[in-house]
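Trainee: I am new to this structure. Can we go through the labels and the reasons behind them?

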Amino acid sequence: FFLEQERMEPEPQGTGADGEGKEENLKEKVTLKGIHKLQKSALHDLYTAERALSEFNRYSELKFAEVSKVSFGYCKRIRKIRTTLYKTFEIIRTLKQKVEKLQKLERKMSVEKLLL
């Protein structure tokens with residue numbers, strides 16, 4: 001592909017005494033044409049890459065939309081489970097505190113019975 005773009009038109013030969021000066025001007029024109037062709041080629045490649053990238057973006061947005069619906073449901077369930085676990089642990093903590101208080105009272109009562 002790039003080899004085609006780098007090919008240049010054959011350089012015409014200058015005629016007469018000023019042939020060398022004309023030849024240099026023609027070389028500059030041919031070189032500028034080659035550069036212009038390369039620019040067009042690079043621009044075409046950029047447009048192609050941009051199209052591919054935008055196509056990929058559209059595809060990924062669609063897939064994200066599909067996945068986000070499912071993941072939203074899972075996240076909602078996980079949040080609900082988490083709050084339930086927090087509540088359960090809080091209940092366990094309070095029950096543990098109550099058991100400790102009852103054990104202290106029981107010890108205190110058993111000591112009082114021994115003293116009586």
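Trainee: How much surface does the protein chain expose, and what share do carbon and sulfur atoms supply?

Mentor: The protein chain exposes about 11,300 Å². Carbon and sulfur atoms supply 62% of that area. Keep in mind that this is a predicted model.

Trainee: How many of the 116 residues are buried, as a percentage?

Mentor: Buried residues account for 4% of the 116. A residue needs under 20% relative accessible area to be called buried.

Trainee: How many helices and strands are there?

Mentor: The chain has two helices and zero strands. Helix 2 covers residues 19-115.

Trainee: Why is Arg107 called exposed?

Mentor: Its relative accessible area is 51%. Exposed means over 50%, so Arg107 passes the cut-off. Arg107 sits in helix 2.

Trainee: What kind of patch does Arg107 belong to?

Mentor: A patch of positive charge on the surface. Lys98, Lys101 and Lys104 gather there with Arg107. Lys and Arg count as positive, so the patch carries that label.

Trainee: What makes Glu66 and Lys63 a salt bridge?

Mentor: Their closest N and O atoms are 3.6 Å apart. The pair must be within 4 Å, so the label holds. Both residues lie in helix 2, three residues apart, about one turn of the helix.

Trainee: Why is Glu66 called partly exposed, and why Lys63?

Mentor: Glu66 has a relative accessible area of 47%. Lys63 has 36%. Partly exposed lies between under 20% and over 50%, so both residues fit.

Trainee: How do you know that Arg93 and Glu90 form a salt bridge?

Mentor: Their side chains meet at 2.8 Å, N to O. That is within 4 Å, so the pair qualifies. Arg93 and Glu90 also lie in helix 2, three residues apart. A search of the whole structure finds two salt bridges.

Trainee: Why can such side chains pair at all?

Mentor: Side chains of opposite charge can do so when their charged atoms come close.

Trainee: Are Arg93 and Glu90 buried, exposed or partly exposed?

Mentor: Arg93 is at 48% relative accessibility. Glu90 is at 42%. Neither is under 20% or over 50%, so both count as partly exposed.

Trainee: Which residues make the nonpolar surface patch?

Mentor: Ile81, Leu85, Phe89 and Ile92 make it, with about 380 Å². Phe89 lies in helix 2.

Trainee: What makes Phe89 partly exposed?

Mentor: Its relative accessible area is 45%. Exposed needs over 50% and buried needs under 20%, so Phe89 falls in between.

How values were computed:
Residues are numbered from 1 along each chain as its sequence is written. This is a predicted model: local features need pLDDT of at least 70, side-chain atom pairs count only at pLDDT 80 or more; totals for chains, interfaces and linings use all residues. Side-chain values use heavy atoms; hydrogens and water are left out. Patches are made of residues with over 30% relative accessible area and no salt bridge: like charges are joined within 9 Å, nonpolar side chains (Val, Leu, Ile, Met, Phe, Trp, Tyr) within 5 Å. Accessible areas come from the Shrake-Rupley method with a 1.4 Å probe; for residues, only the protein chains shown count as cover. The place of a charge is taken as NZ of Lys, CZ of Arg, CG of Asp or CD of Glu. Helices (H or I, at least four residues) and strands (E, at least two) are DSSP runs, numbered from the N terminus. Buried means under 20% relative accessible area, exposed over 50%, partly exposed in between (1.4 Å probe, protein chains only).
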